[in-house]
Amino acid sequence: MSKSSKMFSDAKKVIPSGVNSPVRYFTPYPFFVTKSDKSSIWDVDGKKYTDFCNGYGALLLGHRRKEIISAVSAQLKRGTLFCTPSDLEVELSNLIIKNYPSIGKVRLVNTGSEATMTAIRLARGFTKKKKIIKFEGCYHGAHDSVLVKAGSGSAHNGISVSEGGLDEVSRNTLVVQYNNSQQLEDVIRKNKDVAGVIVEPILANMGLVLPEKNFLKDIRKITAQNDVPLIFDEIVTGFRVSSGGAQKYFGIKPDITTLGKALGNGFTIAAVGGKKEIMNQLTPGGRVYQASTFAGNPVSVAAGISSIKTMNKLGNKMYSKLERYCAALSRAIDDIATDLKIPHQINFSASMFQIFFTDKPVIDYHSSKNADAKKFNKLFRHLLKKGIFIAPSQFEVVFLSEAHTNNDLNKAVDAYSTGLQTVKH
Ligand SMILES: Cc1ncc(COP(=O)(O)O)c(C=O)c1O
């Protein structure tokens, strides 16, 4: 019996399903990790994996990036929690605002879920309206307003509305099709009570689904014309697709933005920012309540400052290398699947990609759900055997990090190549 298998049986006795987040679960058992460095992680049985899960996108700079480790180590000597303001918070807020010109003020929180929950409450408080519009398959965290037709683990586990969530809440979340701006316009026109529209500018929680050519521009226009705040959930795309996120990449200014994941490169930090008049609604100056003991804690903030400074220093060189690597890997896998005559699609953008086993383009929730998830699962298991770790679900994406090397890519191509042969049979 492997050590991971034994640890998983112990874990199941004290942790529901043995995992602290559902996407980490897969059968027969997930591997237990002891350490990580750059593009690699090692399990308790001594096996090394090249990590393409990358903290579900958080580790843009790879594991244990030296600048971040040294900033955090230095902070540990100065204190871990003050619960009174520190100049570090001002420095980080200024860095965020400089990278994201749509943001006039920003509040630091701990997780992406907290950030989107606050963004939605802000939109409601600011407009004095109730309804939120989200897009099918977008995942915005584990809270009631957004756990409606959500992607990620929610789609993987076939949960359309979470049990325990209140109908009274989900009824106020209207869902429209991703890449369908006409449907958004119709729903806004029919409902005079819309407080905000929240969207993943690149949908990274149904596999990878790209926004069609004018989709983001159109939804910006529609929301502006109807005075409905537009929330860009950039928890995944922020700092990943460019230093200024998807909004810089596509040239669109949302009213509210959420950031997380790569903001802390492995440390627990997220942020919600937006126009000053909206952000000023937050307590104590305003009447929209938001609070957290750990918000702005100096360890995570030190990680955030160091992350942004490092990402900014590496700049275009890093982003174009990541794009090049991601395109090369995606195209290599595409070619192999084509040669093997396996019906498939590959969607890729910046440093993210996903393969779908279907002959139809994947452009939304339904087309993603129609892909053959069993085949994907077979591929996942083969990759794992070969020491390539990707997220264990069709509804996640493969993430590259700055730490990946040419050698890592070659290893991945070899593993996908033999893996796709097993999928064919
Ligand atoms: C787009 C998006 N928004 C929000 C969240 C929630 O973030 P967290 O898991 O940090 O609560 C996620 C998590 O994967 C996400 O992908």
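Before I place a proline for you, one definition: helices and strands here are DSSP runs, numbered from the N terminus, with at least four residues for a helix and at least two for a strand. With that in hand, P284 sits in the loop between α10 (276–279) and α11 (298–339). The peptide bond that joins T283 to P284 is cis, with omega about 5 degrees. Please keep in mind that this is a predicted model.

There is another cis bond to show you. It runs from T27 to P28, and its omega is near -5 degrees. P28 belongs to the loop between α1 (3–14) and β1. I point these out because most peptide bonds are trans, and most residues other than glycine have a negative phi. On the phi side, look at C83, which is not a glycine and yet has a positive phi of about 55 degrees. C83 is found in the loop between α2 (66–78) and α3.

Now the overall layout. The chain is divided into domain 1, residues 1–32, and domain 2, residues 66–311. Their C-alpha centres are 30 Å apart.

Next, the sheets. One open sheet has four strands in the order β1-β2-β3-β13, and its pairing is mixed. At its edges are β1 and β13 (388–389), each with a single partner strand, so one side of each has no neighbour in the sheet. Within this sheet, β1 (residues 33–37) and β2 (residues 40–43) are antiparallel and share four bridges. If you want pairs to find on screen, S36 is opposite I41 in β2, and K35 is opposite W42 in β2. What happens to K38 in the hairpin of β1 and β2? With two residues between the strands, K38 takes a positive phi near 50 degrees.

The other sheet I want to show is open too, with seven strands in the order β4-β10-β9-β8-β7-β5-β6 and mixed pairing. Its edge strands are β4 and β6 (173–176), each of which pairs on one side only. On average, neighbouring strands in this sheet are turned by 20 degrees against each other, ignoring direction. Take β8 (residues 230–234) and β9 (residues 256–259): they run parallel and are joined by four bridges. I231 is opposite I256 in β9. Lying across β5 (131–135), β7 (194–199) and β8 is helix α8 (residues 215–225), which runs at about 145 degrees to β8.

Last, the empty space. Rolling a probe the size of a water molecule over the atoms shows where such space is left. The second largest pocket holds about 450 Å³. Which residues come closest to its centre? Of the 21 that line this pocket, they are E89, R107, L108, A295 and G296. Helix α3 (87–99) and strand β4 (105–109) each give at least two residues to the lining. By type, the lining of this second largest pocket has ten nonpolar, nine polar and two charged residues.

How many cavities of 30 Å³ or more are there? The count comes to one. The largest cavity has a volume of about 30 Å³. Its lining is made of D144, L147, V161, S162, G165, L166 and S170. Those residues divide into three nonpolar, three polar and one charged.

That is the tour.

Methods. Residues are numbered from 1 along each chain as its sequence is written. This is a predicted model: local features need pLDDT of at least 70, side-chain atom pairs count only at pLDDT 80 or more; totals for chains, interfaces and linings use all residues. Side-chain values use heavy atoms; hydrogens and water are left out. On a 1 Å grid over the protein atoms alone, a cavity is a set of points where a 1.4 Å probe fits but cannot get out, and a pocket is an open set with protein on both sides within 12 Å along at least five of seven lines; lining residues have an atom within 4 Å of a point. Grid points are joined across faces, edges and corners, and a volume is the space filled by probe spheres set on the points. Ala, Val, Leu, Ile, Met, Phe, Trp, Tyr, Cys and Pro count as nonpolar, Asp, Glu, Lys and Arg as charged, and the others, Gly among them, as polar. Two strands pair if DSSP finds at least two bridges between them. Axes are lines fitted to C-alpha atoms, for helices over the stretch in contact, and angles run from 0 to 180 degrees between N-to-C directions. Contact means heavy atoms within 4.5 Å. Domain bounds come from an automatic or database domain assignment.
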